[in-house]
Amino acid sequence: MKFHLLRIATILSCLITCCAPSALSAEEKSTAQLTAAADSGDATAQYRLAQAYLLGLGAEKDTAKAYDYIRKAAEQGHPDAIGGLGYFHSVGILATKDLALAADYFRKGAEKGGPRSQVNFGRALLYGRGIEKNEAEGHRWIEKALELDLPYAHYIKGEFYFRGTFGHPKDYVKSREHLEIAAAADNAYAQNMLATIYYDGLGIRKDRGKAEYWFREAAAQGDPKGMANLGRLLGPDGPDATKHVEAMKWLLLADRVNEPMARNILGEVLRTRPPEVMKEANKQMAEFKP
């Protein structure tokens, strides 16, 4: 997994803690180092630690701490942290839900050169969320983020070509080019969409192996659609009985977060699954950690 903005465990390896190094995991070590840097005033560390707390990656999920660190980084002028404040206002978490204020934060971060802010400001313009709709201007900001090679921007562009939206023709070849970049950078949405291209043979010859690989990458991150698609591909009642347990595990995990396709498949096969398969699938489901 390579998504450098999200995978906090791969950022730093030194340990700042009173415990012996051998007693802590790599994630605990890197989070401790990141926290020390953030608390000493490093804006980039504050921004990354905020992401860790917001997503529960390398740290226990804590929205309040995420907001506190994103605010501290924004006050120091970190471009994407400024846009990050827009996120909190866009969803109404620990801040008043205000799409106009969110769009203004996205704009400020975008104008300071934050690629993530540029994408979010571009999307606000495309959809007219909190700001007057302006597709040409929205595309201009997304292109700026693409010039900085932001993987998330590649996912957005790949989705445009995949769905044929916002003035883009439906083009699975171009979509795949962008999605490959985002998927390699650990974007679960891109991984699932890319796997679908291989699974259905969209603009390319069907490749079950690559489809399974990318569905598995998305599922490993806890992406509901990735888990549902992987369960469907493996087949809970398919010809390969060795895959029945794993297929059920992924479908049960996806169903737990109300993924509709997983729920439909389970509705068809659940009653006929052997008790031993269900017992092991539930055991593996309980042990799963994204």
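Visitor: Is arginine 216 buried, partly exposed or exposed, and what is its relative accessibility?
Guide: Arginine 216 has 27% relative accessibility, so it counts as partly exposed. Keep in mind that this is a predicted model.

Visitor: Which residue does arginine 216 form a salt bridge with?
Guide: Its partner is glutamate 212, and the closest N and O atoms are 2.9 Å apart.

Visitor: Where do the two lie?
Guide: Both are in helix H11 (residues 208-220), four residues apart, which is about one turn of the helix.

Visitor: And glutamate 212, buried or exposed?
Guide: Glutamate 212 is buried, because its relative accessible area is 18% and the cut-off for buried is under 20%.

Visitor: Why would such side chains pair at all?
Guide: Side chains of opposite charge can pair when their charged atoms come close.

Visitor: New topic. How many salt bridges does the structure hold?
Guide: There are 15 salt bridges.

Visitor: What does lysine 283 pair with?
Guide: Lysine 283 meets glutamate 287 in a salt bridge, at 3.0 Å from N to O. Both residues belong to helix H15 (residues 275-287) and sit four residues apart. Lysine 283 is partly exposed, at 43% relative accessibility.

Visitor: Which residues are joined into one network by salt bridges that share partners?
Guide: Asp68, Arg71, Lys72 and Glu75 are. Within helix H3 (residues 63-75), arginine 71 and glutamate 75 lie four residues apart, and their closest N and O atoms are 3.0 Å apart in a salt bridge.

Visitor: Is glutamate 75 buried or exposed? What about arginine 71?
Guide: Glutamate 75 counts as exposed at 59% relative accessibility, while arginine 71 counts as partly exposed at 28%.

Methods
Residues are numbered from 1 along each chain as its sequence is written. This is a predicted model: local features need pLDDT of at least 70, side-chain atom pairs count only at pLDDT 80 or more; totals for chains, interfaces and linings use all residues. Side-chain values use heavy atoms; hydrogens and water are left out. A salt bridge is a side-chain nitrogen of Lys or Arg within 4 Å of a carboxyl oxygen of Asp or Glu. Buried means under 20% relative accessible area, exposed over 50%, partly exposed in between (1.4 Å probe, protein chains only).
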